[in-house]
Structures are given as structure tokens and as C-alpha cells.
Amino acid sequence: MTSLFDSIQSPGRKTVLAAFVAAMCASATAFAAPGNVVISQVYGAGGNAGSTYARDFIELFNRSNAPVNLNNMSVQYQSAGGDVWSATALGNVTLQPGQYFLVAESNATAGEGDVVGTVLMGAAAGKVALVNQKTKLPDGNGGAAVLDLVGYGSATRYEGAGPTPAPSGTKSVSRLDGGCTDTDQNGLDFVAGPIAPRRTTSPLNVCTSAPVAAPIVLACPVSVAAPAGAGTSAILRASDADSIVNGVTSTSTNPGITLSGFAPATAVGASASVNLDVAASLPTGLYSVTVNFTNDGGQAASCVIPVSVAGQLTIPQIQGSGATSAYDKTAQVTQGVVTKVISTGFFLQDPKGDGDPTTSDGLFVYTSMAAPKLGDLVRVSGTITEFTPGGAPRSLTEMINISVPTVLSSGNTITPVNIDLTSDDLSRYEGMLVRFTTPLTINGNNYLSTFGELTLSSGRREVPTNRYPANSAEAKALAIANDKNFIVLDDGLHVTPATLPFLATDGTVRSGDTISDLTGVMDFGSIGGSTGWYKLQPTVTPVISRTERLAAPVLAAGNVKVASANVLNFFTTFTNGGDAWGRTGQGCVIGSAAPINTACRGADNMAEFVRQRDKIVNELKAIDADAVGLMEIQNNGDIAATYLVEQLNLAIGSNAYAVVPQPAALGTDAIRVAMIYKPAKLTLVGAALSDGDVINNRAPMAATFKAANGGKFSVVVNHLKSKASCPSSGADADKRDGQGCYNASRLAQATRLVSYFLPQVVATSGDPDVLVIGDLNAHGFEDPINYLTSHGMVNEIERLVRPRTQPYSYVFDAESGYLDHALASTALDSQVVDVTEWHNNADEPPAIDYNLGDTAVDYYTNNAFRASDHDPVVVSLNLAPSFTDITSSVKIAQSGLALNRANGKYTGTVKFTNTSAAALAGPLHFRLDSLSAGVTLDNASGSQNGAPYITLPGGLAVGASVTVTTTFSTAKPGIGYYAKLLSGTF
């Protein structure tokens with residue numbers, strides 16, 4: 001399929017700085033002056049249920065009085081609480097004064113914006129930056145390259161004193177005055193209201209606004225925490241680029257929280273400072289104080305600072321037996337042994353515990369300050385909070401805003417608790433050191449390169465509708481079991497790793513590999529940057545047992561081999577406008593539109609294309625099928641298919657393959673289905689057929705072949721509508737039954753296949769043997785497949801693969817299922833001797849594919865693995881011959897040969913008598929095998945497998961005889977042959 005689901009971008013953890021460090025507040029980001037080009041509108045709910053628009057977008061606006069070129073710029077997105085950026089380059093466009101520019105993101109298709117990206121933005125909260133570079137920013141606030149920043153909703157970074165109002169599915173956030181207002185205050189410059197995306201073709205809106213005063217820039221600690229009876233102090237600072245900060249006030253009426261030592265700024269742009277003092281006498285509790293700075297220009301800006309004074313509890317007391325801590329949002333002191341240090345903090349565990357299995361003995365301490373050493377028993381104070389990643393079903397109890405830990409002793413050890421993934425409630429072990437007593441299977445590696453994560457389960461998780469019909473009790477039960485049967489193995493970094501973790505010596509780690517005695521600390525956080533679940537931070541290096549990585553598919557032999565291969569957007573025209581022949585300025589076509597670069601998919605440039613091509617060639621060469629149905633090949637006639645065959649033949653060293661010439665209809669998508677075959681093994685019978693009905697945006701294609709034994713069959717290649725870019729309503733909306741969106745369209749395509757196209761194929765070929773293959777974008781028991789199997793097609797994967805192993809050709813969201821099918825007509829079913837799915841693609845991590853720049857280290861290998869995201873399906877047929885040898889059923893009497901001296905030819909007779917107990921049905925053919933060299937049978941009816949034959953009149957009843965005459969021409973004496981009698985058709 002083109003892409004089953006769009007990739008999900010990552011929110012990281014909350015950005016909270018340690019107390020007692022006078023760090024800059026992560027919330028407030030300001031710039032020297034309002035920008036020329038600004039972000040003028042943001043919408044991130046595209047494609048969500050109830051949303052007005054199906055795509056996310058970011059709108060830009062040139063508020064200056066001069067043209068601005070965007071060539072070196074990008075827009076970048078970061079989740080509301082995350083640190084990781086995702087970039088979309090803008091291209092070589094010059095924006096005129098008052099002109100808008102639309103960046104269409106997740107769910108968008110070509111032409112829906114001035115440029116199209118793939119970033120999935122948060123619906124109600126997130127951060128968007130206009131950046132003066134094309135490449136992805138380093139994690140964090142982005143630095144000087146950020147030209148404009150909009151934090152919307154509950155974002156933790158924004159310009160000024162606060163983020164914009166929260167948008168929704170029916171509201172975007174828009175900059176005031178059509179984009180002209182820019183005071184570097186997101187909360188003041190933007191409003192949430194009607195969605196109205198504007199682009200370069202929209203009317204101009206030339207700004208006439210006066211210069212805007214620069215705002216006060218704050219540098220405040222995120223919070224201040226102190227142990228009970230200790231007291232503390234923190235420094236607050238403020239500056240202004242065009243004014244002098246000369247005043248400060250506090251809202252605190254508590255005598256235990258005061259300001260002291262105010263030092264006004266000494267010049268424009270200089271910093272003012274003040275101490276926030278917390279008295280030792282302040283009682284245990286959580287307080288809040290607002291500190292307001294003012295300048296000589298009449299402006300003001302405020303810091304809201306939580307102040308916590310902690311009491312002491314044990315970790316089990318803090319955790320409690322409920323879903324959340326009873327001490328949420330309170331300041332506490334606790335102590336425990338450090339069991340694991342990760343990039344965002346460390347884990348503590350009570351060395352004794354409380355003996356209650358319903359309360360965890362572990363706690364995560366979230367901090368950026370240097371962590372104590374493993375085995376240290378430490379006392380630490382801070383605020384207890386519940387961390388809930390976006391979309392997560394529950395939260396993690398953790399401590400934030402901590403004091404400097406006090407080391408009480410060192411060299412302590414904690415014994416891991418033995419647990420079982422399928423039977424234990426993982427919430428009881430959050431923050432604790434654990435060991436899994438049964439082997440765990442790797443089910444997903446999609447986030448290996450972006451977050452250093454592997455998804456593990458007890459056994460391989462199967463897509464429920466791969467095994468049971470949608471909405472059945474069995475499918476629902478399996479979905480519930482799958483939701484609980486997984487944990488994420490993490491590398492402890494929470495950022496993109498510099499090198500991929502967990503790889504074997506051959507440079508991969510596959511779904512299906514297993515890990516025994518997995519030991520580590522139970523964490524809870526975002527998975528792939530999205531919804532959260534339990535994660536294991538290993539304390540012992542995991543030992544991974546590898547599944548066998550087959551070099552080629554293995555299946556029972558027949559006389560014909562057919563394969564289905566998704567070639568993952570194999571385009572001979574690249575997204576940069578180049579092509580496979582070195583030309584530039586090229587484009588791709590969708591339907592009847594003009595060629596454009598944004599319609600191209602697959603390789604971005606020649607270097608990527610060569611890598612992609614070589615992997616696909618390696619795959620097809622290893623499969624060695626006699627006929628191959630291809631999906632996701634460029635819809636440019638036979639150009640891409642012909643190029644692929646040329647390269648495949650070059651790798652083989654002979655002209656082994658040929659392209660089945662394109663049918664009349666190729667569909668209206670940028671990709672099509674195609675077919676290639678071996679002329680030495682199969683003869684193409686007639687022209688290829690296709691169904692260009694409007695329901696088929698990728699028209700199915702059929703070709704009829706004849707094997708060497710005369711057996712004839714037809715192959716129908718399909719690529720049904722994908723599950724991506726879901727509409728929010730209507731028949732094709734996701735019904736939440738496990739079948740994804742566009743199920744109604746796929747069912748309609750399957751219905752037309754049965755009612756129209758398959759009958760046309762059978763009628764044209766005159767043969768009922770039909771094999772339906774391809775990417776049907778429906779799992780084994782979803783509605784389109786159930787329709788086909790209830791209307792005369794046999795699911796050969798269920799018949800032949802499932803009895804041996806769980807069938808799958810695609811892995812998504814750490815669940816396995818097969819979208820790629822082999823369905824035989826009832827007439828062909830008995831001639832299907834085996835089917836296999838060659839798992840060279842779906843189990844492999846995307847990080848090892850042909851793309852460049854996705855990882856800091858290039859893990860590409862020129863082999864057949866990760867040539868696509870789908871596994872090929874290979875079918876072995878034992879086609880019944882169209883004729884049989886019945887020589888043993890007759891008596892053959894040959895006369896001598898007489899020479900006709902007038903014409904120089906030899907004549908004779910051959911008499912066939914039916915000596916069997918049954919009549920011999922016609923047509924009957926007398927074939928002369930191994931006829932002497934230089935001899936020609938003048939009265940031959942034809943040739944079969946290089947031997948001449950004479951067709952006899954009718955059949956032969958029991959005991960009946962028929963005599964035929966033979967006439968030979970030869971330049972030399974000596975005429976010999978072996979007589980064979982065959983029944984059937986050639």
C-alpha cells in the first residue's frame with residue numbers, strides 16, 4: 001500500500017528545569033524585533049473525528065514592505081511538551097509584501113498547499129517555528145535559527161508571557177490583523193476562530209502598522225523547592241531590548257515568601273535582578289507567587305513561580321494503591337536507592353518496600369541536574385506530579401522540581417522482582433527494578449531510529465481482523481488482549497539516538513526476534529513520541545535471539561511460480577525533479593493533471609533511487625518467479641516497469657524477464673499495478689485487461705499465460721484503496737471496528753472485481769483458472785476478503801500458510817497481519833501446491849531502507865532486505881496439462897516409406913488402434929518426436945515443443961482404428977522418429 005498509516009511525530013517529556021538553578025524559563029522565548037515573515041495561522045486537528053479540515057496546516061505571511069525569499073527556510077513542529085523538531089522545507093519561493101504561503105502537513109495530498117509535508121501536529125497544543133535553515137533543528141528551543149515561534153494551547157514554549165488560545169477541530173489560531181500584528185506575545189497576537197487557510201494565490205494584505213515596542217524578556221526559575229525547615233533562595237531576571245527594566249513587585253502576602261536585593265537594569269537591554277526568598281519557617285505545602293517586572297516604557301511582564309516545601313514519605317506511601325498518587329501536586333521528601341539513570345532523570349527504589357503488592361516501591365525523579373551514582377541511597381525533595389503523555393490511558397507518578405539529592409550511602413543493591421507480562425498488572429511495578437521470567441518477542445521496530453525503542457510482547461501480536469471477522473466476539477477479545485500484551489524496550493535517551501541500539505552484527509533487529517531474562521526498570525512514557533505505555537529501561541544489556549533470515553523464499557515446487565511484490569513507490573522520476581536517466585526538471589502525473597514534482601513519490605534523488613532499485617532487483621532475483629505482479633510502481637505507462645526489467649535482466653545476466661504490455665486503463669493515481677514474466681517459461685496469451693471504472697483509482701490488471709505443458713491460467717493484480725488519510729465522516733470514515741477507513745470503498749472494489757472483472761477475464765481467456773494477487777489493503781477476515789471468499793475465491797494463505805504458522809506480510813503499530821493476498825478460483829485451487837510469505841521486508845526496521853539522511857549513521861546494505869514495507873507473497877502452481885500422452889492405449893502400425901521419384905518425397909502410413917477398455921476422446925494428435933535432422937513432415941498440422949504433429953479426425957472408440965498418411969521431404973536418406981499419440985489441446 002502507499003502508506004498504511006501516516007507516521008506519528010513525537011512529543012517528548014515535559015520540559016521542567018531543576019529548582020535552585022537560575023535557568024532561563026523554557027516558557028518564554030523572545031526575539032530582537034518583530035519578523036518580516038511570520039506564522040499567521042496554525043491548524044493541527046486535520047483528519048480528526050469532527051474536524052472541519054482533513055489536513056493539518058501552517059500559514060505564513062510576509063508582513064514587511066519588501067519581497068522575502070523562502071529558499072533557505074523551513075517550518076518545524078514540536079509537540080506541546082516535547083524537545084524534538086520535525087522539519088518541512090519551504091522551497092525556492094519569493095513571497096511578496098502582504099502575500100501568504102500555505103504549508104499543508106499531515107493527511108495532505110499534492111496540491112493542497114504551496115508545499116506539502118507529512119508532519120502530524122497536535123490538535124489542541126503544540127509548537128510551530130519558522131526557521132532560517134532547511135534541516136531539522138537540534139532538540140530543545142532551537143536557538144538563533146528560529147525566526148518566529150508560535151506556541152499554541154498548552155505549549156511549554158512560546159513568545160512572550162503565554163501561548164495562544166487553544167485551537168480545536170473547528171477552530172484555528174490566527175494572527176490578528178490578517179497577520180500584520182507581531183508584538184512577540186503569542187497570547188496577545190493570536191485568537192482562536194474560524195478556519196480560513198490562505199496561500200500564495202490568495203489576495204494580498206499589505207501591512208501599514210507602526211513599529212512595535214520590544215517586550216520585557218523574563219528569566220525565571222520554573223519552580224522553587226525546599227526541604228521543610230531549610231529555606232532557600234532563587235534569582236529572577238528581566239531585560240528589555242528598547243527600555244530599562246526598573247521595577248518589580250510580588251503578589252505574595254505570605255511572610256515566608258519575599259523579594260530582596262532588587263537591582264534595576266543599568267541601561268537599555270541590560271538585566272534587572274531580584275532574589276525570591278523562601279524562609280525556613282514556611283510550613284510544608286505547595287504555594288504560588290507571581291512576580292511582576294515593569295520598565296520605563298510602561299510595559300509589564302510576570303513570572304508565575306510554584307514554591308514547594310516538602311515533608312518526608314516513603315516511596316510506597318507516595319505511590320499508594322490507586323491509579324494516581326494521593327500526594328499529587330504536593331511537596332515531599334523521600335529516599336531510595338538509585339537503580340537507573342536516563343537522559344531525563346533517575347529512578348529510586350525503596351530498599352525494603354512495604355510488602356504490599358498493590359503499591360510500587362519505585363519512583364522516577366525527573367530532572368536535568370547531574371544524577372547520583374547507581375547504588376547510592378539518596379534523600380531528595382521535590383513536587384509529586386502525575387505525568388500523562390498525550391493520549392495515554394493512565395499517568396506515571398514522578399517527582400519534579402527537586403533539590404540537590406543528599407547521598408546517604410553508596411554501593412547498595414536492589415534485587416529485581418520477577419514478573420510475567422501477560423499475567424501481571426504493570427502499574428504495580430512502575431519505577432521498580434524487574435525481570436521478565438518468560439521470553440519476549442520483538443513485535444515492532446518502527447521507532448528504533450527516532451527514539452531507540454522496540455515493542456515487545458509475549459509472542460507475536462496478530463491484527464484481530466487478520467484472524468477473525470470485524471466486530472466478532474473473538475476479534476474484540478483479541479484486541480483487548482493485544483492492548484495489554486506489550487511493553488516498550490527503550491534506550492533511556494528520550495531523543496533520537498546517535499547510533500541505533502539493539503542491532504545484531506548483521507546491522508538489523510527484526511520483529512520476531514526474542515529476548516530472555518529481560519531486566520530493567522519499569523518506566524512509563526510516550527511510545528514513538530505519541531500515546532504512552534509502560535517502557536523498560538534495561539539495567540542489563542538485552543541478549544537478542546535471532547529468527548532465521550531466509551535469503552530467498554522456500555516453498556514446495558510446482559511447474560509455475562507466481563509472486564506478488566509491493567515495490568514501495570518505485571518511481572523513475574524523483575521528488576527533486578530528476579529522473580533515472582539523469583534529466584532534470586521532470587515531474588509526475590496524477591490522473592489528468594500536469595506533471596509536478598510533488599506528485600512524485602519514492603526516491604528523492606539519484607543516489608536514493610540507485611539504492612532503492614538495487615534492493616528491489618535483489619528481491620525479485622531471489623524470488624525467481626515466472627510471473628510477478630507489481631504494486632506501487634510509477635504510473636508512467638510501461639517506462640518504470642521496463643526500466644526495472646532491464647535492471648533485473650542485467651543482474652541475472654540474460655533477458656530472463658519481459659514486461660506484460662500495459663492495458664488500456666492504468667487508473668488515476670500516481671502509482672499503478674504492473675506485471676512482468678519469463679517468456680522462456682510462460683507464453684502471454686492475448687493482451688492484458690484492466691478495469692478503469694471510477695471505483696478503481698488503481699485499476700486492476702489481468703494477463704493470461706500458457707505454461708510449457710499447455711496449462712493456461714490468468715493472473716489478476718490488485719491494489720485496493722489504502723487505510724490512510726481518513727475522512728472524518730461518511731461511509732469511508734473509520735468505524736473503529738479494526739478495518740480502518742475506506743473499508744466501504746475496498747468492499748465496493750471487491751464487489752466489482754467479482755461481478756464484472758473476473759467474469760470478463762474468464763470469458764476472454766476461455767479458462768476458469770484465475771489467481772488474484774496483490775495488496776488488497778484488507779487483512780485476512782475483513783469485509784473485502786470475506787466477500788471474495790464467499791463468491792468463489794479460495795484464500796490460499798489461510799489454506800496453506802496458517803496451518804504452518806501465523807500469516808503476515810505487514811507490521812504496523814507492533815501488530816502483524818497480511819494485506820497481500822493469494823486467492824484462487826475454485827478451478828485453480830487444486831493446482832495450488834504451496835504459498836509462502838517471504839519475510840524480507842515487514843520484520844526489518846525502516847532505518848535500514850534506501851532513504852538517506854534518516855539516521856546519523858547509514859545502515860543501508862545492498863541486499864534484498866527492507867526493499868519495501870510489505871513482504872512478497874509467492875505461489876507455487878502445479879498446472880494440469882492441456883493434453884495427455886495416450887500412446888500406451890493404442891497399437892501403432894507403421895508402413896514402410898515409398899519414394900515418389902517425380903517429386904522426391906517419401907510417403908507412408910501409420911495406423912492407430914484403440915487397444916484400451918475405454919473410448920479415446922479427441923482431439924487426438926500424432927506427434928513425431930526426435931524426427932531425423934534435415935527431415936520435414938510436409939503434411940504437419942503444427943508443431944508442439946519443437947516436434948511436428950498431425951491431428952487425427954475425431955476420437956477412437958474401443959477397438960476402432962484410424963490411419964494417417966505421412967509425407968516427408970529430405971535431402972539425404974534416413975528418416976526416423978518416435979511415434980506418440982496425445983489427447984487434448986496445444
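# Exercises on helix packing, disulfides and a mixed sheet

In this predicted model, H6 and helix H7 (residues 639-652) pack with their axes 10 Å apart and at an angle of about 65 degrees.

## Exercise 1. The contact of H6 with H7

Determine the hand of the crossing of H6 and H7, and state how the residues of their contact divide into nonpolar, polar and charged.

Solution. Step one takes the geometry: H6 passes H7 in a right-handed crossing. Step two lists the residues that make the contact, which on H6 are Phe-609, Arg-613, Ile-616, Val-617, Leu-620 and Lys-621, and on H7 are Tyr-643, Leu-644, Gln-647, Leu-648, Ala-651 and Ile-652. Step three sorts the residues of this contact, giving nine nonpolar, one polar and two charged.

## Exercise 2. Two disulfides with their cysteines in separate loops or strands

For the disulfides Cys-180 to Cys-207 and Cys-220 to Cys-303, find the hand of each link and decide whether the cysteines are buried or exposed.

Solution. Begin with Cys-180 and Cys-207, whose sulfur atoms are 2.0 Å apart; the torsion about their S-S bond is about -85 degrees, so this disulfide is left-handed. The pair links distant parts of the chain, 27 residues apart, with Cys-180 in the loop between strand S13 (172-175) and helix H1 (186-189), and Cys-207 in the loop between strand S14 (190-193) and strand S15 (216-219). For burial, the cut-off is a relative accessible area under 20%; Cys-180, at 2%, counts as buried, and Cys-207, at 15%, counts as buried too.

Turn next to Cys-220 and Cys-303, with an S to S distance of 1.7 Å. The link is right-handed, with 60 degrees about the S-S bond. Cys-220 lies in the loop between S15 and strand S16 (224-227), and Cys-303 in strand S22 (residues 300-312), so the pair ties together parts that are 83 residues apart in sequence. Cys-220 has a relative accessible area of 2% and is therefore buried, and Cys-303 is buried at 7%.

## Exercise 3. A disulfide within one loop, and the pairing pattern

Locate Cys-588 and Cys-600 in the chain, give the hand of their disulfide, and write the pairing of the bonded cysteines in sequence order.

Solution. Cys-588 and Cys-600 are joined at an S to S distance of 2.0 Å, and the torsion about their S-S bond is about 100 degrees, so the disulfide is right-handed. Both cysteines sit in the loop between strand S38 (560-570) and helix H6 (606-623), 12 residues apart. Cys-588 is buried, with a relative accessible area of 2%, and Cys-600 is buried with 7%. For the pattern, the count comes to four disulfides, and numbering the bonded cysteines of the chain in sequence order gives the pairing 1-2, 3-4, 5-6, 7-8.

## Exercise 4. The open sheet and helix H8

Name the edge strands of the sheet S42-S43-S44-S45-S49-S46, and identify the strands that helix H8 touches.

Solution. The sheet is open, has six strands in the order given, and shows mixed pairing. Its edge strands are strand S42 (682-690) and strand S46 (793-795), each of which pairs on one side only. Neighbouring strands are turned against each other by 25 degrees on average, direction ignored. At the S46 edge, S46 and strand S49 (residues 820-825) run antiparallel and are joined by three bridges, with Met-793 standing opposite Ser-825 in S49. Helix H8 (residues 743-765) packs on the sheet, where it touches S42, strand S43 (701-707), strand S44 (712-719), strand S45 (770-775) and S46, and its direction makes about 150 degrees with that of S44.

Key:
Residues numbered from 1 in each chain as written. Predicted model: local features only at pLDDT ≥ 70, side-chain atom pairs only at ≥ 80, totals over all residues. Heavy atoms only, no water. Disulfide = S-S within 2.5 Å. Helix = DSSP H or I, 4+ residues; strand = E, 2+ residues; numbered from the N terminus. Buried < 20%, exposed > 50% of the residue type's maximum accessible area, 1.4 Å probe, protein only. Pairing = 2+ DSSP bridges. Axes fitted to C-alpha atoms, helices over the stretch in contact; angles between N-to-C directions. Contact = heavy atoms within 4.5 Å. Left-handed = near helix turned anticlockwise from the far one by under 90°. Nonpolar A, V, L, I, M, F, W, Y, C, P; charged D, E, K, R; others polar.
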